[in-house]
Amino acid sequence: MTQKQACNHCEGKGYTNIRDCAGEIQRTETCSFCSGLGYQEQEPEEETEE
Ligand SMILES: [Zn+2]
(Lines give C-alpha, C1' and ligand atoms only; values in the text may rest on other atoms or scores of the structure.)
Protein backbone atom coordinates (compact mmCIF):
# COMPACT_ATOMS: atom_id res chain seq x y z
CA MET A 1 0.00 0.00 0.00
CA THR A 2 1.44 3.32 -1.02
CA GLN A 3 0.74 6.72 0.40
CA LYS A 4 0.39 9.70 -1.84
CA GLN A 5 1.97 12.79 -0.44
CA ALA A 6 1.69 16.16 -2.10
CA CYS A 7 5.03 17.07 -3.57
CA ASN A 8 6.47 19.81 -1.44
CA HIS A 9 8.72 20.98 -4.23
CA CYS A 10 5.85 22.12 -6.46
CA GLU A 11 3.25 22.23 -3.71
CA GLY A 12 1.16 19.59 -5.40
CA LYS A 13 0.78 21.48 -8.65
CA GLY A 14 3.02 19.27 -10.73
CA TYR A 15 4.99 22.14 -12.15
CA THR A 16 7.20 24.95 -10.98
CA ASN A 17 7.27 28.54 -12.09
CA ILE A 18 10.47 29.76 -13.64
CA ARG A 19 10.94 33.40 -12.76
CA ASP A 20 13.36 35.93 -14.08
CA CYS A 21 15.35 38.28 -11.89
CA ALA A 22 12.46 40.74 -11.75
CA GLY A 23 10.18 38.11 -10.31
CA GLU A 24 8.09 37.78 -13.45
CA ILE A 25 6.97 34.28 -14.31
CA GLN A 26 8.63 33.40 -17.57
CA ARG A 27 7.41 29.88 -18.01
CA THR A 28 6.35 26.83 -16.15
CA GLU A 29 8.35 23.69 -16.02
CA THR A 30 7.26 20.20 -15.19
CA CYS A 31 8.38 19.37 -11.71
CA SER A 32 11.28 16.96 -11.93
CA PHE A 33 10.73 15.75 -8.40
CA CYS A 34 7.33 14.22 -9.06
CA SER A 35 7.38 14.09 -12.88
CA GLY A 36 4.44 16.45 -13.06
CA LEU A 37 2.19 14.30 -10.92
CA GLY A 38 1.96 16.77 -8.07
CA TYR A 39 2.49 14.08 -5.52
CA GLN A 40 5.01 11.49 -4.62
CA GLU A 41 4.18 7.95 -3.84
CA GLN A 42 5.96 6.89 -0.74
CA GLU A 43 6.05 3.40 0.51
CA PRO A 44 6.03 3.08 4.25
CA GLU A 45 9.48 2.28 5.51
CA GLU A 46 8.03 -0.07 8.06
CA GLU A 47 5.22 -2.55 7.89
CA THR A 48 5.30 -3.20 4.19
CA GLU A 49 2.01 -4.77 3.27
CA GLU A 50 0.85 -5.97 -0.08
ZN1 LIG B 1 6.58 18.17 -7.67
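The chain is built from four strands and zero helices. Reading from the N terminus, the order of elements is simply β-β-β-β. Keep in mind that this is a predicted model. Its average pLDDT is 87, and 90% of the residues score at least 70. Confidence varies between elements: β3 has the highest mean pLDDT, at 96, while β4 has the lowest, at 83.

**Overall shape**

Don't picture a ball here. The radius of gyration is 15 Å, whereas a compact globule of 50 residues would come out near 10 Å. Laid along the principal axes, the C-alpha atoms fill a box of roughly 50 × 15 × 10 Å. Buried residues account for 14% of the 50 residues in the chain. As for contacts between residues at least 6 apart in sequence, 47% of them join residues at least 24 apart.

**The zinc site**

What holds the zinc ion on the protein side? The donors are the SG atoms of Cys7, Cys10, Cys31 and Cys34, and they sit 2.3 to 2.4 Å from the metal. The angles between the four donor atoms run from 103 to 118°, so the arrangement is tetrahedral, since all of them lie between 85 and 135 degrees. Along the sequence, the donor residues follow the spacing C-x2-C-x20-C-x2-C. Cys7 belongs to the loop between β1 (3–6) and β2 (15–19), and Cys31 to the loop between β3 (25–30) and β4 (39–42), so this pair ties together parts that are 24 residues apart in sequence. If you are wondering about cysteine pairing, the structure holds zero disulfides.

Are the zinc-binding cysteines buried or exposed? Each of them falls under the 20% cut-off and therefore counts as buried. Here are the values:

| Donor residue | Relative accessible area | Class |
|---|---|---|
| Cys7 | 1% | buried |
| Cys10 | 2% | buried |
| Cys31 | 2% | buried |
| Cys34 | 4% | buried |

Cys10 deserves a closer look. This residue is in the loop between β1 and β2. Leaving aside residues up to four places away in sequence, Cys10 touches Tyr15, Thr16, Cys31, Cys34 and Gly38. Two of those names, Cys31 and Cys34, also appear among the zinc donors. In the other direction, the C-alpha atoms of Cys10 and Glu45 are 23 Å apart in space, with their positions 35 residues apart in sequence.

**Thr16, a neighbour of Cys10**

One of the contacts of Cys10 is Thr16, a residue of strand β2. With a relative accessible area of 17%, Thr16 is under the 20% limit and so counts as buried. Which residues does Thr16 touch, once those up to four places away in sequence are set aside? They are His9, Cys10, Arg27, Thr28, Glu29 and Cys31. That list includes two of the zinc donors, Cys10 and Cys31.

**Two loop residues with positive phi**

Most residues other than glycine have a negative phi. Glu11 goes against that trend, with a positive phi of about 60°. Glu11 lies in the loop between β1 and β2, and that loop is also where Cys10 is placed. Ser35 is another non-glycine residue with a positive phi, near 60°. Ser35 is found in the loop between β3 and β4, which also holds Cys31.

How do these two sit with respect to the surface, buried or exposed? Glu11 has a relative accessible area of 64%, which is over 50%, so it counts as exposed. Ser35 comes in at 58% and is therefore exposed as well. The cysteine just before each of them in numbering tells another story: Cys10 is buried at 2%, and Cys34 is buried at 4%.

**Out at strand β1**

Gln3 is part of strand β1. Setting aside residues up to four places away in sequence, the contacts of Gln3 are Gln40, Glu41 and Gln42. Those three positions fall within the range of β4 (39–42). Gln3 and Asn17 are 14 residues apart along the chain, yet 26 Å separates their C-alpha atoms.

Definitions and conventions: Residues numbered from 1 in each chain as written. Predicted model: local features only at pLDDT ≥ 70, side-chain atom pairs only at ≥ 80, totals over all residues. Heavy atoms only, no water. Donors = N, O, S within 2.8 Å, 3.2 Å for Na, K, Ca; no water. Tetrahedral: all angles 85-135°; square planar, octahedral: opposite > 155°, others 65-115°. Buried < 20%, exposed > 50% of the residue type's maximum accessible area, 1.4 Å probe, protein only. pLDDT = per-residue confidence, 0-100. Disulfide = S-S within 2.5 Å. Rg over C-alpha atoms; globule rule 2.2 N^0.38 Å. Contact = heavy atoms within 4.5 Å.
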